[in-house]
Each structure stands twice: as C-alpha cells, then as structure tokens.
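Biologist: Before I rely on any label attached to this protein, I would like to hear the reasoning behind it. Could we look at the structure together and take the terms in turn?

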Amino acid sequence: ADLSPANQPCGTDSVVLANQQIATAMNAGPNHFEWVHQTVDGIEFYADVLLHAIELDGKQCLQAVVRDITKRKQAEVELNENEERYNAIFDQSPIAIEFYNSDGSLIHANRACMDLFGVVNVNEISGFKLFEDPNIPSAMKAKLLKRERVSFEAEFDFEIVKKMKLYQTTCSGINTLDWSITPLTNGDLVIGYIMQIQDVTERKDNDLKLEQERQRLTN
C-alpha cells in the first residue's frame, strides 16, 4: 500500500483493500487480482498481482508476484473505444449492413437492415442462410464461394419471402436493391461475409421515366 495511490479505481482506500487482499491470501489460499501501484516518482501503473502464503524458516510469509500490465490495459481501453465507435457507426448507418459467419449464417444486422426488409424482431432473421436466399442470383453465390467480392443490382421479391416463410416481414411487392457482399478472409480461410444493401427502387423508376420521356421526344 505504500507504493500505491491513496485509493484504488473502485474507490476503496488502498491500505484497507491491501489488507483485505492479504488476509484472503493468508486464510483462503492464493489470491490473484489487478492493482494500481505507483513508482517512487508517483507515476501510477496497472499491475497483475498474485499473493501466495508460504512458510519460511518456520514462519508464515507472503510471496507477492507483481507484473506491470499497463500496456495491456491501455490496449483494452483503446479496443473498447474503437468498439464503441464502430458500434455507433454500425447502428447509425443509413445503409443496411449484415454480418454472416463462415457458414453463411446471419449473426448481426443493423437498424437500417431491419427497416429495409420490414423486420420487427431481429430474432426473425438470426441464422438466416445467405446461400439459401432466393433473391440473390446463383451466379453471385458461385462467386462468393470462390471468395470473390460481388456487387450487383437485383429485384427483391417480398412475396417470395412470405410464400417460403423465410421470416416475418411488413414489406410487400418488389423492390430493386443494390448489393455489395464481401468475403472476410484470414489467409485461405473465409471467416465470414459482410453485406451492404441499399434500396434503389426510386432511382430505377426515375431512370425508366427519363428513358421513356427521351424515347417519346425522339419519336
């Protein structure tokens, strides 16, 4: 406790908590925990501590093994911060995003995806099979199996979804979707797939109207 700040991160007085940790090691057996120490210059650092009661020359003693884990703790903080930023981007993205595992089973989908496909309960699509989706062309599936990234536009028929009872949806009719599916690899192994989808029905309808108007004016 003399080489510790006044209080530990939990708010407990370092002397009080140190005595508790020592008592645990002496009475209950080896005690393994994390601790914030400080150098003689007052610089704090995270430590991994193992206290072990031993007998030495007929006297009960306490062996302490202390490892500086500051770098590991810093890496954990950075990882958590990156994960929070990623989750914010993922959840707030206006583009529908889906993650599949190596077998092509859906494991995660954002809010935009649920809105796009008319899904109220995310459990309805959990485990959905990418390679069994009738709305994805067979040629695209074949490329994915070859670990090729695919981008395409295709019609998505919600009536097929309902007829085959793939999942519950509030949508109906046929929309035109823009798909981008990327295999995620680690060396030669496919570890998953990420899919990004946008509804381009309105754009396609406008393109068709412009083309029809162009032909009318030409004629």
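Modeller: Let us begin with a term: a salt bridge is a side-chain nitrogen of Lys or Arg within 4 Å of a carboxyl oxygen of Asp or Glu. Please keep in mind that this is a predicted model.

Biologist: What makes Asp 115 and Arg 111 a salt bridge?

Modeller: The closest N and O atoms of Asp 115 and Arg 111 are 3.2 Å apart, and the rule asks for a distance within 4 Å, so the pair counts as a salt bridge. Asp 115 and Arg 111 are 4 residues apart in helix H3, which means that about one helical turn separates them.

Biologist: Why is Arg 111 called partly exposed?

Modeller: Buried means under 20% relative accessible area and exposed means over 50%, with partly exposed in between; Arg 111 has 42% relative accessibility, and therefore counts as partly exposed.

Biologist: How do you know that Asp 48 and Arg 67 meet in a salt bridge, and which parts does the pair tie together?

Modeller: Their side chains come to 3.6 Å, N to O, which satisfies the cut-off of 4 Å. Asp 48 lies in strand S2 (residues 44–56) and Arg 67 in strand S3 (residues 59–68), so the pair ties together parts that are 19 residues apart in sequence.

Biologist: Are Asp 48 and Arg 67 buried or exposed, or in between?

Modeller: Asp 48 has a relative accessible area of 9% and is therefore buried, the limit being under 20%, whereas Arg 67, with 46%, is partly exposed.

Biologist: What makes Glu 153 and Arg 203 a salt bridge, and where do the two residues lie?

Modeller: The N to O distance between the side chains of Glu 153 and Arg 203 is 2.3 Å, and that is within 4 Å. The pair links distant parts of the chain, with Glu 153 in strand S6 and Arg 203 in helix H6, 50 residues apart. Glu 153, at 33%, and Arg 203, at 40%, are both partly exposed.

Biologist: How many salt bridges does the rule give, and which residues are linked in a network?

Modeller: The count comes to 8 salt bridges, and Glu 34, Arg 72, Lys 73 and Glu 76 are linked in a network of them.

Biologist: How do you know whether the protein is a compact globule or not?

Modeller: A compact globule of 219 residues would have a radius of gyration near 17 Å, but the protein has 29 Å, and its C-alpha trace spans about 105 × 35 × 35 Å along the principal axes.

Conventions
Residues are numbered from 1 along each chain as its sequence is written. This is a predicted model: local features need pLDDT of at least 70, side-chain atom pairs count only at pLDDT 80 or more; totals for chains, interfaces and linings use all residues. Side-chain values use heavy atoms; hydrogens and water are left out. The radius of gyration is taken over C-alpha atoms; the globule rule is 2.2 Å times the number of residues to the power 0.38. Buried means under 20% relative accessible area, exposed over 50%, partly exposed in between (1.4 Å probe, protein chains only).
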